[in-house]
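Biologist: Could you take me slowly through the nonpolar core of this model, and then through some of the contacts elsewhere in the chain? I am new to this, so please explain each term as you reach it.

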Amino acid sequence: MSVIALAGCSGAPGVTTSALALLLTWPIEPGRRMILAECDPDGGAVLHGLLQGTLGDRYGLRNLSVASRKGELVEAFWRQLIDLSGDEGTREAPGDRLLLPGVTDPAQTAGLGPAWESLADVFVGIGAQPVNAHDVLIDLGRSGAFGPSAVLAQRADAVIVVVRNTLRCLQAAQARVEALEERVGNIGLLMIDEGPYPAGEVQRVLRVPVVAKLPYAPKEAKVLSDGAEQPRQFTKTALMKAARTSSALIAQRVALRRARLAPRYAGPAGGQVAHAR
């Protein structure tokens, strides 16, 4: 029952790669599914990265702008999802791990203006369903937590900022994290352990908690970011093991927050958005 927005800052911290690692390792409860939505207004990377252009541009966020204007966004949303279940050798049901690819050209974002609010409604609604519910990860990239798409961060259960513990990235992240904490609150950090600064120092500088960590592993990361050939037993690499732990920690953080704010999340039985499949 969670909607988690991942945001970044300048310096290419690795938001999309981290989001994919979390998607593929998320602890899925029985009767639930996981969706990663690429909502980076600067353009998505998965269609031509991990998926190597094999699906063309038939799927993705750009196809929802017309549907939104026609009031058909919910139905169109389910048709745009790509099933990534089992890509990492897992034994799971089809449709457990789903991807909504992002726009392939930043110019396509202009047509999505009115759709962001409706998309936020969809994400919140499908997370509240009593059956066939979905957890949602939103990849906002470096700029999506601000501007028209900021509603996705505002409506999320938690916003996780991906940072590298290098001086350059921490300096770039300071203003971004401060602004998000002021506007949204409940900000946490996913730290990519590339630099010399420990988690405690990163927390002190940015004044929000490091919720989880991923190792700096360029070779393994390229499997997710660029569709590079998987090494043997990819799921057992340090990156994917840490992603499993990070997924569990982030899910736990959101569950605890929802428990504290339980009355706020109470709503009509059945949720807001019907499952369309």
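Modeller: A nonpolar core is a set of buried Ala, Val, Leu, Ile, Met, Phe, Trp, Tyr and Cys residues joined through side-chain atoms within 4.5 Å, where buried means under 20% relative accessible area, exposed means over 50%, and partly exposed lies in between, with a 1.4 Å probe and protein chains only. This is a predicted model, in which local features need pLDDT of at least 70 and side-chain atom pairs count only at pLDDT 80 or more, while totals for chains, interfaces and linings use all residues. Residues are numbered from 1 along each chain as its sequence is written, and side-chain values use heavy atoms, with hydrogens and water left out.

The largest nonpolar core has 50 residues, and Phe-77, Leu-119, Phe-123 and Leu-152 touch the most other members. Its largest share, seven residues, is supplied by helix α4, residues 115-127; helices (H or I, at least four residues) and strands (E, at least two) are DSSP runs, numbered from the N terminus. Leaving aside residues up to four places away in sequence, Phe-77 is in contact with Ile-35, Leu-64, Leu-100, Leu-119, Val-122, Phe-123 and Ile-126, contact meaning heavy atoms within 4.5 Å. Another core, of 39 residues, lies apart from the largest one and includes Ile-82, Leu-99, Val-162 and Ala-217. In soluble globular proteins, nonpolar side chains tend to be buried together.

Turning to other contacts, Asn-186 is found in the loop between α6 (167-183) and β7 (187-193). Its side chain reaches the backbone oxygen of Asp-157 at 2.9 Å, and a polar contact of 3.1 Å joins it to the side chain of Arg-253. A polar contact is a pair of N or O atoms within 3.5 Å; within protein, one must be able to donate a hydrogen and the other to accept it, and residues adjacent in sequence count only if both atoms are side-chain atoms. Not counting residues up to four places away in sequence, the residues that Asn-186 touches include Ala-158, Val-159, Glu-181 and Arg-257.

Arg-33, for its part, sits in strand β2, residues 32-38, and counts as partly exposed because its relative accessibility is 24%. A polar atom of the Arg-33 side chain lies 3.4 Å from the backbone oxygen of Gly-95. Although Arg-33 and Asp-135 are 102 residues apart along the chain, their C-alpha atoms are separated by 6.3 Å.
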